[in-house]
Amino acid sequence: MRSLEKYGLGNADAHWNLSGEELQRITLDLGMGVETSEGTLAINTGKFTGRSPKDRFLVRDDYTRDLVWWGRINKPISTEHFQALHKEVINYLSDKTVYVRDAAVCADPRYQMNVRVITEYPWSNFFIKNMFLRLSEEELANFEEEWLVLCAPGYQPENPEEFGIIAGNFSILNFTEKVALVGGSAYTGEMKKGIFSALNLILPTEKNVLPMHCSANVGQDGDTAIFFGLSGTGKTTLSADPDRKLIGDDEHGWTADNQIFNFEGGCYAKVIDLTEESEPDIYRAIKPGALLENVVFKPGTGEVDFFDSSITQNTRVSYPIEHIDNIQVPSRAGNPRNIFFLTCDAFGVLPPVSKLTPGQAAYHFISGYTAKVAGTEAGINEPVPSFSACFGEPFMPLHPTIYAEMLSDKMKESGARVWLINTGWSGGPYGVGSRIKLKYTRAMISAILNDELDNVEYQAHPIFGLHMPKYCPGVPTEMLDPMNTWLQKGAYISKAIQLAHSFHLNFDKFAREASQEIINGGPLIDSHHELEDHI
């Protein structure tokens with residue numbers, strides 16, 4: 001007989017591994033959600049419509065003390081504070097109805113990790129059903145968890161500082177006890193990113209697997225491509241290809257024997273401004289079995305207004321990966337042949353496509369650059385550089401150079417090629433130039449995947465050292481060197497120096513741990529005199 005007694009929840013009314021239909025019905029009966037006109041469940045996550053990075057903590061103990069890169073991203077909490085808070089959460093849940101989900105992460109059986117998730121809300125459990133790997137009846141019958149997730153959005157400590165936390169909401173990982181606590185926030189992404197943050201430490205240190213915040217697809221000949229990129233760079237759009245099967249859209253591992261595998265069993269996509277024309281796969285995946293978050297309905301209807309951001313810009317949908325037609329089953333494939341780093345450079349400086357050396361790849365991986373565009377956040381009136389190490393800094397417990405050196409080593413071993421793709425501006429910065437057309441970006445990706453850039457001539461960018469092709473099928477030749485697209489070459493030089501300087505300033509905090517090869521992969525020039533010598 002199944003019991004939660006070993007967790008101190010013996011008196012809780014537990015519902016185990018309910019179907020999506022049952023969880024949807026319970027959510028509706030409790031008045032915690034509504035159905036769209038097409039039967040999809042929509043819920044509101046309340047105060048928190050996104051993750052709260054400042055309230056994320058890792059227990060600092062003998063296991064983590066010398067492994068974790070402690071600081072602004074990875075904040076420590078003591079074992080004593082964790083245990084006190086853990087007890088509080090257990091007491092809070094002990095007399096409630098709870099929903100238990102037995103699931104797994106990592107689609108490669110060699111690395112699969114069983115996770116038991118106990119949630120206060122039925123729709124939180126629905127999210128986990130969609131996002132983690134769903135198990136067979138036989139697997140469920142013999143299930144033993146390796147990690148436990150406790151999710152109690154309704155719990156908030158009266159005096160957070162007594163528990164070593166900042167506010168009433170928290171997301172905490174304890175690697176020794178293998179427990180993830182989420183409290184005070186109903187944003188479902190906290191659970192997903194908590195377990196993936198755990199994998200981002202466990203896989204490289206214990207399994208020699210590189211964890212990656214990326215999407216991935218595979219061609220008919222078995223050639224795998226992976227796409228790194230921050231929000232707004234086109235990661236989801238460019239990895240969705242009718243001629244290639246989707247492996248996954250967010251988190252993957254790269255094994256020592258050059259296999260790529262998906263961490264999860266679903267997709268968690270932004271739906272702001274969604275149309276069937278712009279994102280057909282995501283649009284068509286929103287059907288019964290999916291879970292919409294923080295969307296707004298058109299007045300008097302059950303139809304979602306995807307253009308309404310009055311609750312949040314971060315409107316989302318989670319759905320099982322099977323809601324996508326063209327997927328790889330199981331969610332794993334062989335050695336990656338091409339790796340794409342996507343950036344939306346609103347300064348109009350970086351070339352639309354360039355090939356990277358291993359040192360440059362590691363440098364740009366550590367940097368994780370894109371740009372925030374004017375108008376996206378209050379107070380931003382012109383483009384602002386944005387850096388997120390490894391294209392996923394908030395989820396990386398180890399020093400970024402560890403992941404970067406693993407990537408560089410795997411590139412060399414596998415012969416994988418790394419490309420920097422700028423999906424941002426050309427002909428000038430935001431407000432002057434124009435956004436690079438999606439059809440040109442798709443043409444660049446296709447040319448690379450079809451090996452059409454293997455035998456063309458390249459030239460080195462004088463500031464960033466990136467290798468720019470002089471020809472690419474389907475792309476105007478004058479676009480390939482960004483300086484050619486600016487009316488005033490002096491203005492381009494000035495803006496390029498400004499961006500190069502931002503890269504250098506950002507990289508300073510990593511330089512001490514980086515190899516000379518990685519350091520040499522950065523911008524070649526950081527002063528006007530040096531640049532003039534190269535032009």
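At 1% relative accessibility, S124 counts as buried (buried is under 20% relative accessible area, exposed over 50% and partly exposed in between, with a 1.4 Å probe and protein chains only). The residue sits in helix α3, where helices (H or I, at least four residues) and strands (E, at least two) are DSSP runs numbered from the N terminus. Setting aside neighbours within four places in sequence, S124 touches T119 and M191, a contact being heavy atoms within 4.5 Å. The model is a predicted one, in which local features need pLDDT of at least 70 and side-chain atom pairs count only at pLDDT 80 or more, while totals for chains, interfaces and linings use all residues. Residues are numbered from 1 along each chain as its sequence is written, and side-chain values use heavy atoms, with hydrogens and water left out.

What does α3 (residues 122–131) pack against? One partner is helix α5 (residues 189–207): the two axes come within 9 Å and cross at roughly 45 degrees. Axes here are lines fitted to C-alpha atoms, for helices over the stretch in contact, and angles run from 0 to 180 degrees between N-to-C directions. The pair is therefore oblique, given that angles under 35 degrees count as roughly parallel, over 145 as roughly antiparallel, 65 to 115 as roughly perpendicular and the rest as oblique. The crossing of α3 with α5 is right-handed, a label that applies if the near helix is turned clockwise from the far one by less than a right angle, with anticlockwise giving left-handed. On the α3 side the contact uses S124, F127, I128 and M131, and on the α5 side G189, M191 and K192. Sorted by class, that makes 4 nonpolar, 2 polar and 1 charged residues; Ala, Val, Leu, Ile, Met, Phe, Trp, Tyr, Cys and Pro count as nonpolar, Asp, Glu, Lys and Arg as charged, and the others, Gly among them, as polar.

Helix α3 also meets strands. It lies across β6 and β7 (113–119), running at about 10 degrees to β6. In addition, α3 lies across β3, β16, β17 and β20, at about 55 degrees to β20.

Strands β6 and β7 belong to an open sheet of 8 strands with mixed pairing, in the order β1-β6-β7-β8-β10-β9-β4-β5; two strands pair if DSSP finds at least two bridges between them. At the edges are β1 (13–16) and β5 (75–77), each pairing on one side only, and the twist averages 25 degrees from one strand to the next. The edge strand β5 runs parallel to β4 (residues 56–59), joined by 3 bridges, with L58 facing its bridge partner P76 in β5. Helix α2 (residues 79–93) packs on this sheet as well, touching β4, β5, β6 (97–105), β8 (147–152), β9 (170–174) and β10 (179–183), and its direction makes about 60 degrees with that of β8.

The other strands under α3 fall in an open, mixed sheet of 5 strands, ordered β2-β3-β17-β20-β16. Here β2 (33–35) and β16 (266–270) each have a single partner strand, so one side of each is left without a neighbour in the sheet. Neighbouring strands are turned by 25 degrees against each other on average, direction ignored. Within the sheet, β17 (residues 291–293) and β20 (residues 316–320) pair in the antiparallel sense over 3 bridges, one of which matches L292 with V317. Helix α1 (residues 20–29) lies across β2 and β3 (41–43), at about 115 degrees to β2.

Elsewhere, strand β14 (residues 251–254) is covered on both faces: E251 and G253 on one side, and H252 and W254 on the other, are all buried. Strand β11 (residues 210–218) pairs with β14 in the antiparallel sense over 4 bridges, and H213 stands opposite E251. Strand β15 (residues 260–262) is also antiparallel to β14, through 3 bridges, with F261 as the bridge partner of G253. The two form a hairpin with 5 residues between them, and N258 in the turn has a positive phi of about 60 degrees.

A further helix pair is α8 (residues 358–367) and α11 (residues 489–511), which pack at an angle of about 90 degrees with their axes 10 Å apart. That angle makes α8 roughly perpendicular to α11. Y363, H364, I366 and S367 of α8 meet F503, H504, N506, F507 and F510 of α11, a contact of 5 nonpolar, 4 polar and no charged residues.
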